[in-house]
Amino acid sequence: MTKHSYVSVRQNPNYLSWEDQPGTYKNYPGSYPKYKLDLENEEANFLFHIAGLTAKKSYPGGEYYLRINPSAGALYPNELYFQARGVEGIKDGIYHYEVSSSSLTLLHEISETEGLEPYFGYKTAMKGYLFLVSAICYRSSWKYRNRAFRYCLLDAGHLLGSVEAAALLKPHAVQMVYGIERETLNRMFGFEDREWFVSGCSVAVPLAGQEVKGIEFELPYVDGSRTFEKNPLIEEAYEATMQLQGCKKSIRAPKFTYQKERLRETIFQRRSQRGFHEGAITKGQFNFIMETLIQPVLSDCDEEVNIYVAVNRVLDMPLGLYKDGAYLKYGDFSQKAGYLCLEQYSLAAQGALVFFLTSKGENYQALYQKAGIIGHRLYIASLYLGIGCSGIGAYYDDEVNDFLENDEMVLYALAIGK
C-alpha cells in the first residue's frame with residue numbers, strides 16, 4: 001500500500017501545509033529536574049555521541065541544527081529515553097534526552113529493587129544503561145504520509161546504530177531489545193497514542209543476585225510535535241506489528257577495527273551527502289565496508305537482511321550487481337540505479353556504490369530497525385574512510401525487485417561515493 005511507482009509519485013503528489021509542520025524537539029516542563037551534559041564527563045560524552053546537536057545551518061527564513069544521527073527529511077521522529085543504574089555521575093533514574101538543550105530530564109527515580117529491567121525481559125538489576133526509542137510518527141507523516149511508518153523505524157534503527165557506534169568509545173557491547181513491553185511502557189510514559197515505543201537496547205551488565213521488580217508510574221502527557229493529525233493506517237500498522245513472532249536471538253557480538261579517536265571524530269562529523277561527483281573508491285575500501293556491514297547484530301529478534309550492491313565505480317573491481325559480496329551479474333547499472341531511486345541520479349547514478357537491503361522477514365518493526373542499524377554502520381564505515389554516504393528511503397519498490405530478481409520486501413537504499 002505504501003509502495004512507490006513511476007505512476008504513483010506523479011499522480012499523488014503531497015502538497016505540504018507549512019503552518020501544520022510539526023516541531024522536531026520534545027521538551028519536558030521546567031518542573032522536571034534537568035542536567036546539562038558536561039562533555040568533559042566520560043558518561044555525558046558517551047550520551048552526546050548518540051544523539052547530540054553538531055552544527056547549525058542557516059537559510060532564508062530560518063535555521064536548523066544537524067544531529068549526530070541522520071533522519072529522513074531531517075524530520076527526526078524519534079525520541080530517546082533511558083534508565084541509568086550505577087553510572088558514575090548520573091543519579092539512578094529514568095531520563096529523557098532533551099536534544100535541543102543537550103540536557104537530561106529526570107522523569108522518575110529508581111531504587112535498588114525497582115526499575116525498567118522486567119519490561120526488557122531481565123530478572124536482575126542491570127548496571128549501566130537501558131535505552132528506549134520512541135516514534136512520534138506525525139513528525140514524519142506530515143510529509144511522507146502513510147510511508148512514514150517505515151521511515152520512523154529506519155530512523156529508529158539509525159538511533160540504535162548511533163548507540164552501537166558510541167558504545168565503541170567505551171567500549172561496550174550493545175544488545176538490541178525488541179521484545180519490550182510496549183503497551184505497558186506507552187501507558188506509563190503518558191504517550192496517549194501520539195508517541196509509541198518501538199525498541200530498546202542495553203548497554204549494561206547484570207548485577208548478580210540483585211533481583212528487581214518492574215517500577216510503576218504514570219507520567220502526564222507532554223506534547224512532542226506541536227501539531228498533530230491522526231493516521232489510522234499507521235496506527236493499525238503499529239498495533240499489527242507490536243507482537244514478535246518466531247524470533248531468533250543473535251548472541252554473537254560484532255567485531256570492528258576502528259581507531260577510537262578517529263571514530264569519535266567520525267561520529268561527530270557525520271553528514272548526509274547531497275550528491276556525488278563520480279569519484280571511485282578502492283577495492284580495499286569496498287572490502288572494509290562490506291566486512292563492517294556483515295558483522296552480526298546482538299539482538300533478541302534477529303531477522304535476515306540481504307545486502308545487494310550495485311558497483312558503479314570501484315578500482316580493480318568489475319562493474320555489476322553483487323549480493324552479500326558475491327558477484328551476480330555484469331553491467332554498468334549506474335543509470336538504472338539512479339532511476340530506481342526515484343531518479344535521484346546525483347546520488348545513485350554518480351555514487352560509487354548503491355546498496356539495496358531486502359528481506360523475507362516477518363517481524364516488521366525489528367526488521368526495518370535492523371536495516372537502519374546496517375545503514376548507520378554504512379555511514380560510519382564510509383565516513384571513517386573519507387567517503388560520503390546518503391540514505392535513500394524512496395525508490396520504485398517493485399522495479400527494484402525486478403532488477404534484483406527477487407520478491408523480498410525492499411527495506412532501504414543507500415549510496416556512497418565521492
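**Exercise 1. In this predicted model, find which residue of strand 6 Lys34 stands opposite, then work out how strand 6 pairs with its partners.**

*Solution.*
Step 1. Start at Lys34: across from this residue, in strand 6, you'll find Thr105.

Step 2. Now zoom out to the strands. Strand 1 (residues 34–36) and strand 6 run antiparallel, joined by 3 bridges.

Step 3. Try strand 5 (residues 93–98) next. Strand 5 also pairs with strand 6 in the antiparallel sense, over 6 bridges. One of the facing pairs here is Glu98 opposite Ser103.

Step 4. Look at how the chain gets from strand 5 to strand 6. The two form a hairpin with 4 residues between them. In that turn, Ser102 has a positive phi of about 50 degrees.

Step 5. Finally, check how covered strand 6 (residues 103–109) is: 5 of its 7 residues are buried, making the strand mostly covered.

**Exercise 2. Find the disulfide in the whole structure and explain why Cys341 and Cys389 don't bond to each other.**

*Solution.*
Step 1. Recall what you're hunting for: a covalent bond between the sulfur atoms of two cysteines.

Step 2. Searching the whole structure turns up 1 disulfide. Its partners are Cys247 and Cys301, with an S to S distance of 2.0 Å. That fits the cut-off of within 2.5 Å.

Step 3. Place the partners along the chain. Cys247 is in the loop between helix 6 (232–240) and helix 7 (260–268), while Cys301 is in the loop between helix 8 (283–293) and strand 12 (306–311). They're 54 residues apart, so the pair links distant parts of the chain.

Step 4. Check the handedness: the angle about the S-S bond is -65 degrees, and the link is left-handed.

Step 5. Compare the surroundings. Cys247 is partly exposed at 30% relative accessibility, whereas Cys301 is buried at 2%.

Step 6. Turn to Cys341. Its closest cysteine sulfur is in Cys389, 12 Å away, and that's too far for a bond. Both cysteines are buried: Cys341 has 0% relative accessibility and Cys389 has 1%.

**Exercise 3. Find which residues touch the most other members of the largest nonpolar core, and list what Ile50 contacts beyond its sequence neighbours.**

*Solution.*
Step 1. The largest nonpolar core has 87 residues, and the best-connected members are Leu47, Ile50, Tyr129, Phe131 and Phe355.

Step 2. Ask where the core comes from. Helix 4 (residues 148–167) supplies the largest share, 13 residues.

Step 3. Pick Ile50 and skip neighbours within four places in sequence. Its contacts are then Ile68, Asn69, Leu80, Phe131, Leu159, Ser162, Val163 and Ala166.

Key:
Residues are numbered from 1 along each chain as its sequence is written. This is a predicted model: local features need pLDDT of at least 70, side-chain atom pairs count only at pLDDT 80 or more; totals for chains, interfaces and linings use all residues. Side-chain values use heavy atoms; hydrogens and water are left out. Buried means under 20% relative accessible area, exposed over 50%, partly exposed in between (1.4 Å probe, protein chains only). A nonpolar core is a set of buried Ala, Val, Leu, Ile, Met, Phe, Trp, Tyr and Cys residues joined through side-chain atoms within 4.5 Å. Contact means heavy atoms within 4.5 Å. Two strands pair if DSSP finds at least two bridges between them.
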